[in-house]
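Me: I have a structure here and would like to go through the fold and the ligand site. Can we start with the overall layout?

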Amino acid sequence: MRMFKVLLCGDGGVGKTSLRRTYLGRGFEKDYIATIGADFATTDIELTNGQKCSFTIWDIAGQQIFEHIRPTFYSGASGACILYDVTRPKTHKNVHNWLLEFMLFCNLEFFPVVILANKIDLRKELFTVSTLEGEELAKGISMKYYKGNWTVPFVETSAKTGDNVKRAFKTLADSVVELQDEFAAQRAISSN
Ligand SMILES: Nc1nc2c(ncn2[C@@H]2O[C@H](COP(=O)(O)OP(=O)(O)OP(=O)(O)O)[C@@H](O)[C@H]2O)c(=O)[nH]1
Ligand SMILES: [Mg+2]
């Protein structure tokens, strides 16, 4: 079985650990315990084309104090979800910084990322970053960093209710495998 390492990135408290826990059926924790360094778990994901692959999902510490140790965790990663918290606009703005950090340290020639807007269950109670603003962020990133050659997927999730959580990981898995196969094919053509 093909194996991949993928990352969950984004500011402290956006819900990376919660999303991973919910995906793995480990239940939602209301209390915030900041991740120290990083944490990971391995699971099989079935792609849209029916192929099954093994993914080690790393959620890395988003708090600024871990900035200096973070680069080590990017090594060997094949793709990332970059999360923001819809109730905190600053985390939405910071998606660019997380993308740049991933591009700098992950040692890839292509960058499969998916942008996730998390905590949509809080939309009814609080002012939140809108769906349109999220879509525009993903579109802007696709144009700026991928020159329109690849459309960065955008999914809205809730680690609390489980909304779109499966879809988020499937989208990441599809993107990682699709881009990796495409680049392998291109390399094969250019070396002939
Ligand atoms: N209502 C709601 N709360 C959430 C959701 N996801 C996470 N939370 C809460 O937000 C807080 C932070 O969640 P974490 O998953 O620990 O955040 P993190 O991104 O891993 O944070 P760091 O490890 O510090 O980088 C916790 O209190 C969670 O219960 C969600 O979808 N909805
Ligand atoms: Mg965490």
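Reply: What follows covers the sheet, two of the helices and the ligand shell, all in a predicted model.

Me: OK, what is the strand order in the sheet?

Reply: The order is 2-3-1-4-5-6, in an open sheet of six strands with mixed pairing.

Me: And which strands stand at the edges?

Reply: Strand 2 and strand 6 (154-156) do. Each has a single partner strand, so one side of each lacks a neighbour in the sheet. On average, neighbouring strands are turned by 25° against each other, direction ignored.

Me: Strand 1 and strand 3, parallel or antiparallel?

Reply: Parallel, with six bridges between strand 1 (residues 3-9) and strand 3 (residues 52-60). Val 6 has Ile 57 of strand 3 as its bridge partner.

Me: How many bridges between strand 2 and strand 3?

Reply: Nine, and here the pairing is antiparallel, with strand 2 covering residues 38-46. Ala 38 is bridged to Ile 60, and Thr 43 stands opposite Phe 55. The hairpin of these two strands has five residues between them, and Gly 50 in it takes a positive phi near 95°.

Me: Moving to helices. Which strands does helix 1 touch?

Reply: Helix 1 packs on the sheet and touches strand 1, strand 2, strand 3, strand 4 (79-85) and strand 5 (113-118). The helix direction makes about 150° with that of strand 3.

Me: Where does helix 4 lie?

Reply: Helix 4 (residues 95-105) lies across strand 1, strand 4 and strand 5, at about 160° to strand 4.

Me: Which of its residues are buried?

Reply: In helix 4, Val 95, Trp 98, Leu 99 and Phe 102 are buried. Seen down the axis of helix 4, they fall within an arc of 100°, so they line one face. In general, an α-helix has 3.6 residues a turn, so residues three or four places apart point the same way.

Me: What do those buried residues pack against?

Reply: The partners of the buried residues of helix 4 include strand 1, strand 4 and strand 5, as well as helix 2 (71-74), helix 3 (89-93) and helix 5 (131-146). On the other side of helix 4, Leu 100 and Leu 104 are exposed. Just after helix 4 comes Asn 107, with a positive phi of about 65°.

Me: Now the ligand. How many residues surround ligand 1?

Reply: There are 25, and the closest are Gly 15, Thr 17, Ser 18, Thr 35 and Gly 62. Helix 1 (residues 16-23) gives the largest share of that shell, three residues.

Me: How does the shell divide by residue type?

Reply: Around ligand 1, 11 residues are polar, eight charged and six nonpolar.

Conventions. Residues are numbered from 1 along each chain as its sequence is written. Chains are lettered from A and ligands numbered from 1 in the order in which they are written. This is a predicted model: local features need pLDDT of at least 70, side-chain atom pairs count only at pLDDT 80 or more; totals for chains, interfaces and linings use all residues. Two strands pair if DSSP finds at least two bridges between them. Helices (H or I, at least four residues) and strands (E, at least two) are DSSP runs, numbered from the N terminus. A residue is near a molecule or strand if its C-beta atom, placed from the backbone, lies within 6 Å of it. Ala, Val, Leu, Ile, Met, Phe, Trp, Tyr, Cys and Pro count as nonpolar, Asp, Glu, Lys and Arg as charged, and the others, Gly among them, as polar. Axes are lines fitted to C-alpha atoms, for helices over the stretch in contact, and angles run from 0 to 180 degrees between N-to-C directions. Two residues are in contact if their C-beta atoms, placed from the backbone, lie within 7 Å. A residue is buried if 20 or more other C-beta atoms lie within 10 Å of its own, exposed if 12 or fewer, and partly exposed in between; C-beta atoms are placed from the backbone. The arc is that of the directions from the helix axis to the C-beta atoms.
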